[in-house]
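Me: I would like to learn how to read a few features of a protein model. Could we go through them one at a time?

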Amino acid sequence: MERYEVEVAVREETGKGAARRLREQGKIPGVVYGKNREPQSLIVDPHDIANKVNSNAIFDLKIMEDEDGSAEKEAEITMIKDFQKDVIKGNIIHVDFQQISMDETITIDVPLNLVGEPFGVKEGGVMQQLMREVSIEVLPSDIPEELDLDVSELDVGDSLQVGDLEVDEGIKLVDALDEVIVTIVTPSEEIEEEEELEEEFVEPEVIGEEEELEEEILEDEEEVEEEEEEEGTPDYMQ
């Protein structure tokens, strides 16, 4: 499991205006919370986390009490629980860190890696992957980067479920064991399913002006920050 050290600063100002000023300085707002600590607003350098937000990496968070870095608390062990991106530019605009303990199990989603070419695909079938990741309960130090699933023996009409995954000792599967991960269907079955999906699809409303989109993003973030300050630790951390 990858582990990084990230230096952040305490954020005294909150709200839309403060967040905008931070981004103009090349920083982003963030928050850290956990069941054994009060939520705390942070100033984060997005370059420190840009290529790591989609991983299950561990972050040793060094929180600087003073802007000049003269006062430093003991590093906290955390993971990124959530983050927001600008819908136009794609850059990170807010990040949530969750405090963890290396001695306590956590529930986390891990990517699935399908191994091999199914026999049924070689015979003209089509492979449909219904799950891209699974939830597991595991100690932070034992989090796998991905879980492999051998699909080479699958024929048309066959499928593999969560219960077919082979996991190391200490890893508990959280999803229902009968939930289907991958199946091999005939081409005609795939076409029918695609047509059903097209009929159900509704075109989303698109806002034309970039300014309106950015305004909505900032308003959403302000609501998130207000909820964090009012509610304290989220329910899933109780």
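Me: How much area does the protein expose, and what share of it do carbon and sulfur atoms supply?

Reply: This is a predicted model, in which local features need pLDDT of at least 70 and side-chain atom pairs count only at pLDDT 80 or more, while totals for chains, interfaces and linings use all residues. Residues are numbered from 1 along each chain as its sequence is written, and side-chain values use heavy atoms, with hydrogens and water left out. Accessible areas come from the Shrake-Rupley method with a 1.4 Å probe, and for residues only the protein chains shown count as cover. The protein exposes about 14400 Å², of which carbon and sulfur atoms supply 41%.

Me: Which strands form the closed barrel?

Reply: Strands are DSSP runs of E with at least two residues, numbered from the N terminus, and two of them pair if DSSP finds at least two bridges between them. Here a closed barrel of 6 strands runs S1-S3-S2-S6-S5-S4, with mixed pairing.

Me: Which residue forms a salt bridge with Glu76?

Reply: A salt bridge is a side-chain nitrogen of Lys or Arg within 4 Å of a carboxyl oxygen of Asp or Glu. Glu76 forms one with Arg37, their closest N and O atoms being 2.7 Å apart. Glu76 lies in strand S5 and Arg37 in strand S3, so the pair ties together parts that are 39 residues apart in sequence.

Me: Is Glu76 buried or exposed?

Reply: Buried means under 20% relative accessible area, exposed over 50%, and partly exposed in between (1.4 Å probe, protein chains only). Glu76 is buried at 10%, and Arg37 counts as buried at 13%.

Technical notes:
Helix = DSSP H or I, 4+ residues; strand = E, 2+ residues; numbered from the N terminus.
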